[in-house]
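I opened this notebook to record what I looked up in the structure, one topic at a time. The entries follow the order in which I worked.

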Amino acid sequence: MEDSIQIESVIKRFNNFQLGPIDLTFEQGTVLALVGENGSGKSTLLQIINQLLQKDEGNITIFGDKLEATNDQVKQNITYIGEELLLAYSHMTINKMTKFIERFYNNWDQMLYDHLISRYEINVNEKYTNCSTGTKKKVAFILAVSSKPKLLLLDEPSANVDMLSQYMMMEDLRSLQDSNNSTIIIATHMEEDLKKLADYICILKQGKIVAFSDKDTLQESWARVWLDDGINLSNIQTYYEMESRSPLQLITNDIFQLERELLDQHVKINQIIRLELREVITKYCQKSL
Ligand SMILES: Nc1ncnc2c1ncn2[C@@H]1O[C@H](COP(=O)(O)OP(=O)(O)OP(=O)(O)O)[C@@H](O)[C@H]1O
């Protein structure tokens with residue numbers, strides 16, 4: 001499909017770690033957030049999509065084109081500006097570094113770059129190597145966004161970045177998505193990124209997908225439910241765990257089905273509160289594989 005990204009049965013093996021098989025399909029113009037504990041495989045997946053790493057098995061199709069090492073058309077559509085790329089230019093000023101990097105990107109938007117440099121108050125005459133960790137992150141972000149890619153890959157872009165800049169980054173990504181119909185894959189540990197940006201969330205655990213869903217479904221279906229103490233739950237299937245017996249408190253990953261079951265059993269629900277995204281992700285990460 002020309003308007004989607006398809007990742008099919010992708011596997012990457014290291015000595016002590018296997019990523020995959022990974023299967024994901026999502027539409028152009030959406031934001032996919034990759035979440036999961038440290039070492040769960042988020043960066044590895046991003047690097048495979050950017051061909052910094054070769055997959056061992058599987059297929060990736062980006063907007064109708066197979067992702068192969070020789071396919072320049074596909075490469076031109078993807079931007080991933082990791083620290084490793086910028087290290088090669090780190091002895092240069094940001095100004096000079098940009099002049100080298102912009103040449104890689106056909107869609108480079110100089111006006112947008114100038115605007116972002118001023119918005120994030122970056123001193124372009126500073127040597128990249130002398131910049132603070134957060135400023136380096138901001139420079140990488142500005143370069144990536146200014147390349148106006150069809151597919152933008154971001155690896156924890158707001159880690160070590162001040163709160164105002166984190167907020168601005170979210171605004172700028174939304175604006176790139178709206179103005180350029182860019183698709184964004186972002187590996188993140190920030191709950192705000194998920195709440196404000198993500199359309200889809202993929203939760204990885206030890207290299208495997210434990211959940212892949214649109215954000216709204218994840219948010220709407222997980223809930224904490226309070227019932228009267230002492231109710232017989234033997235005929236109730238759709239609860240995930242019992243948090244306490246008194247008061248009787250259940251967690252469910254399918255509140256709609258649980259409500260139907262409780263109604264059938266004539267059980268009164270005292271209270272329902274949806275789980276925070278952070279809690280949902282934690283539940284998936286705690287699940288044994
Ligand atoms: N080049 C490599 N050689 C061997 N093992 C590797 C290599 N790159 C990554 N790994 C292993 O793959 C696993 C996944 O690492 P990865 O960096 O993808 O995790 P992550 O989810 O991005 O973690 P974090 O949240 O800490 O950034 C880790 O166990 C890591 O040690």
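The entries below cover the domains, the core, the ligand shell and a sheet.

**Entry 1, domains.** I note at the outset that I am working with a predicted model. I looked up how the chain is divided and found domain 1, which covers 4-215, and domain 2, which covers 222-286. Taken over C-alpha atoms, the centres of these two domains are separated by 37 Å.

**Entry 2, where the domains touch.** I then asked how many residues of each domain are in contact with the other, and found 10 residues of domain 1 against five residues of domain 2. On the side of domain 1 that touches domain 2, at least two residues each are supplied by strand E3 (31-36), helix H8 (191-196), strand E9 (200-205) and strand E10 (208-214). Of the elements on that side, H8 gives the most, with three residues. I also sorted this side of domain 1 by class, which gave five nonpolar, one polar and four charged residues.

**Entry 3, the core.** Turning to the largest nonpolar core, I recorded that it has 65 residues, and that those with the most contacts inside it are Ala33, Leu34, Ala144, Ile185, Ile186, Ile201 and Cys202. Helix H6, residues 133-146, gives the most to this core, with seven residues. The core draws at least three residues from each of domain 1 (4-215) and domain 2 (222-286). I picked out Ala144 for a further look and, leaving aside residues up to four places away in sequence, I found that Ala144 touches Thr79, Ile81, Leu152 and Leu154.

**Entry 4, the ligand shell.** Which residues are around the ligand? I listed Phe14, Phe17, Gly36, Asn38, Gly39, Ser40, Gly41, Lys42, Ser43, Thr44 and Ala187. The largest share of this shell comes from helix H1 (residues 42-49), which contributes three residues. By class I have three nonpolar, seven polar and one charged residues in the shell around the ligand.

**Entry 5, a sheet.** Last, I looked up an open sheet formed by four strands, whose order is E2-E1-E4-E5 and whose pairing is antiparallel. Its edge strands are strand E2 (17-27) and strand E5 (65-66), each of which pairs on one side only. Following the pairing at E5, I found that two bridges join strand E4 (residues 57-62) to E5, and that these two strands run antiparallel. For a single residue pair I noted Ile62, which stands opposite Asp65 in E5.

Conventions. Residues are numbered from 1 along each chain as its sequence is written. This is a predicted model: local features need pLDDT of at least 70, side-chain atom pairs count only at pLDDT 80 or more; totals for chains, interfaces and linings use all residues. A nonpolar core is a set of buried Ala, Val, Leu, Ile, Met, Phe, Trp, Tyr and Cys residues joined through C-beta atoms within 7 Å. A residue is buried if 20 or more other C-beta atoms lie within 10 Å of its own, exposed if 12 or fewer, and partly exposed in between; C-beta atoms are placed from the backbone. Domain bounds come from an automatic or database domain assignment. Two residues are in contact if their C-beta atoms, placed from the backbone, lie within 7 Å. A residue is near a molecule or strand if its C-beta atom, placed from the backbone, lies within 6 Å of it. Ala, Val, Leu, Ile, Met, Phe, Trp, Tyr, Cys and Pro count as nonpolar, Asp, Glu, Lys and Arg as charged, and the others, Gly among them, as polar. Two strands pair if DSSP finds at least two bridges between them.
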